Amino acid sequence: MIFFSLINIAFIIFTLLGGILFGFIPALSASIKAIQKELNNASLSYRDIIKHFLETFKTAFIPINLASITPILFGIIAITNINITFDVMNLFGIATFYGSITVLITSIFVLIHLALLQTTNKTFSVKQMIKLSFIAAFYYFPLNVLMVCFLILWLQFLLLAPGISLFFGISVPIFICTVCYSKTKLYASQISTGIGEISFANKK
């Protein structure tokens, strides 16, 4: 329980230090990697967690945020369209509304996989990260949907018990995410210029 609290507080602090928008994904990635180490019996202290977050921000802050620009823009456009077409009852409005919801959910999937890419101990260019995260958003679509359903249920629980948000609000869903994806880590076997060739495999 203490570990979850430390992850939660560190996530909040570093997200704020990154200006929320630019701190969220690096903090998410650092949280996932810290949880992976804990699952491997690393027994991280609070100093180890803070050091780990600092190292992640130092090495991944710029590339991961550059790669996040595209899905964030798609997400902003989708949210704008949802707000505009919410009360529009014609065919075009309904199609745009549900299409925008799909784009928004996909953008969330992409951002999650951008954070996951930083935990694979592999070096990717910004272009490669964007390409891989978009492919992973569809490759692991069923698992992604289950994660979103869990997040919705977890948010509803937090509304009933808002007091635990400071200590477990984000660390618990990140832990579930880390465990779910631990059996399906993606990697690029070959990326060439242009479109490239990307393949995925499961790590047992």
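## Report on a predicted helical protein chain

At 3% relative accessibility, S29 counts as buried, a label that applies under 20% relative accessible area, with exposed meaning over 50% and partly exposed in between (1.4 Å probe, protein chains only). This is a predicted model, in which local features need pLDDT of at least 70 and side-chain atom pairs count only at pLDDT 80 or more, while totals for chains, interfaces and linings use all residues. Residues are numbered from 1 along each chain as its sequence is written, and side-chain values use heavy atoms, with hydrogens and water left out.

**Overall architecture**

The protein chain holds eight helices and zero strands. Helices (H or I, at least four residues) and strands (E, at least two) are DSSP runs, numbered from the N terminus. Of the 204 residues in the protein chain, 41% are buried. Contact here means heavy atoms within 4.5 Å. Among contacts between residues at least 6 apart in sequence, 70% join residues at least 24 apart. The accessible surface of the protein chain amounts to about 11500 Å², and 72% of that belongs to carbon and sulfur atoms; such areas come from the Shrake-Rupley method with a 1.4 Å probe, and for residues only the protein chains shown count as cover.

**Selected residues**

The table sets out four residues with their helices and accessibilities.

| Residue | Helix | Relative accessible area |
|---|---|---|
| S29 | α2 | 3%, buried |
| S100 | α4 | 5%, buried |
| H52 | α3 | 7%, buried |
| L16 | α1 | 53%, exposed |

The side chain of S29 reaches the backbone oxygen of A115 at 3.0 Å. Such a polar contact is a pair of N or O atoms within 3.5 Å; within protein, one must be able to donate a hydrogen and the other to accept it, and residues adjacent in sequence count only if both atoms are side-chain atoms. Not counting residues up to four places away in sequence, S29 touches I64, A115, Q118 and T119.

For H52, a polar atom of the side chain lies 3.5 Å from the backbone nitrogen of A34. With residues up to four places away in sequence not counted, H52 touches A30, K33, A34 and K37.

S100 is in contact with A78, N81 and I82, leaving aside its neighbours within four places in sequence. Between S100 and N83, 17 residues apart in sequence, the C-alpha to C-alpha distance is 9.8 Å.

**The nonpolar interior**

A nonpolar core is a set of buried Ala, Val, Leu, Ile, Met, Phe, Trp, Tyr and Cys residues joined through side-chain atoms within 4.5 Å. In the largest one, of 38 residues, L28, I49, F53, L114 and Y181 touch the most other members. The elements giving two or more residues to this core are α1, α2 (24-39), α3, α4 (91-117), α5 (126-139), α6 (141-160) and α8 (171-181). Its largest share, eight residues, comes from α4. Leaving aside neighbours within four places in sequence, L114 is in contact with I64, A67, S68, P71, M129, I130 and S133. A second, separate core of five residues includes F4, W154, F168 and V172.

**A nonpolar patch on the surface**

I9, I12, I13, L16, L17, I20, L166 and F167 form a nonpolar patch on the surface, with about 730 Å² of accessible area together. Patches are made of residues with over 30% relative accessible area and no salt bridge, where like charges are joined within 9 Å and nonpolar side chains (Val, Leu, Ile, Met, Phe, Trp, Tyr) within 5 Å. A salt bridge is a side-chain nitrogen of Lys or Arg within 4 Å of a carboxyl oxygen of Asp or Glu. Helices α1 (2-17) and α7 (165-168) each supply at least two residues of the patch, and α1 gives the most, with five residues.
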